[in-house]
Amino acid sequence: QYIDKCWNQLASRHKIIIKTDGLPSLPHFGFGRDKELFFKTLITQEMLKNNYLATNSIYVCINHTKNIVDNYIDRLDNVFKKIKEIDNGADQNNYLEGPICFSGFKRLN
């Protein structure tokens with residue numbers, strides 16, 4: 001529940017609309033618009049630069065202390081700032097360093 005609260009505070013601070021959902025042990029958030037997969041990819045890319053394997057969901061475990069979550073939120077704050085820049089008209093092509101992620105699983109053959 002703390003993570004959900006922090007995500008909503010970040011979104012509010014950056015004036016970004018998100019929808020949080022899921023169980024307390026598996027929360028996730030979405031943007032509910034056409035750039036959903038783009039933003040998900042951006043989150044993963046930027047969080048990896050900060051040594052976090054992260055996306056728009058978390059599998060919570062007992063080792064996720066408040067300090068660990070707060071550090072994660074601090075790093076995610078910078079990503080939300082970039083998302084707001086894109087919402088304000090910045091060219092999204094200047095942000096991703098690779099392809100946009102796929103939605104779900106599909107057969108390759």
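**View 1. Helix H1 (2-14), strand S1 (19-23) and H3 each give at least two residues to the lining of the second largest pocket.** Helices (H or I, at least four residues) and strands (E, at least two) are DSSP runs, numbered from the N terminus. This is a predicted model, in which local features need pLDDT of at least 70 and side-chain atom pairs count only at pLDDT 80 or more, while totals for chains, interfaces and linings use all residues. Residues are numbered from 1 along each chain as its sequence is written, and side-chain values use heavy atoms, leaving out hydrogens and water. A pocket is an open set of points on a 1 Å grid over the protein atoms alone where a 1.4 Å probe fits, with protein on both sides within 12 Å along at least five of seven lines; lining residues have an atom within 4 Å of a point. For the second largest pocket, 15 residues form the lining, and Gln1, Tyr2, Ile3, Pro24 and Val60 are nearest its centre. Its volume is about 190 Å³, taken as the space filled by probe spheres set on the points, which are joined across faces, edges and corners.

**View 2. The largest pocket holds about 370 Å³ of space.** Have a look at its centre: Leu53, Ala54, Thr55, Ser57 and Ile58 are the closest of the 16 lining residues. Helix H2 (36-49) and helix H3 (66-87) are the elements that contribute two or more residues to this lining.

**View 3. Helix H1 has a buried set of residues, with exposed ones on its other side.** The buried residues (under 20% relative accessible area, 1.4 Å probe, protein chains only) are Ile3, Cys6, Trp7, Leu10, Ala11 and His14. They lie on the same side of H1 because they cover an arc of only 135° around the axis, judged by the directions from the helix axis to the C-beta atoms. Across the helix, Ser12 and Arg13 are exposed (over 50% relative accessible area). S1, strand S2 (26-30) and H3 are among the elements that cover the buried residues of H1. The end C-alpha atoms of H1 are 19 Å apart, in agreement with the 18 Å expected for its 13 residues; the expected span is 1.5 Å times one less than the number of residues. Step just past H1 and you meet Lys15, with a positive phi of about 55°.

**View 4. Helix H2 buries residues against S2 and H3.** Those buried are Phe38, Phe39, Thr41, Leu42, Ile43, Gln45, Glu46 and Met47. From first C-alpha to last, the 14 residues of H2 reach 20 Å, close to the expected 20 Å. Asn51, just after H2, has a positive phi of about 65°.

**View 5. Helix H3 is covered by elements including H1, S2 and H2.** Under that cover sit the buried residues Val69, Tyr72, Ile73, Leu76, Val79, Phe80, Ile83 and Ile86. With 22 residues, H3 should span 32 Å, and the 30 Å between its end C-alpha atoms agrees. Gly89 follows H3 and has a positive phi, near 110°.

**View 6. Phe29 is a buried residue with a relative accessible area of 0%.** You will find Phe29 in strand S2. Leaving aside residues up to four places away in sequence, Phe29 touches Trp7, Ile18, Lys19, Thr20, Glu36, Ile43, Thr55, Asn56 and Phe80, contact meaning heavy atoms within 4.5 Å. Cys61 is 32 residues from Phe29 in sequence and 18 Å from Phe29 in space, C-alpha to C-alpha.
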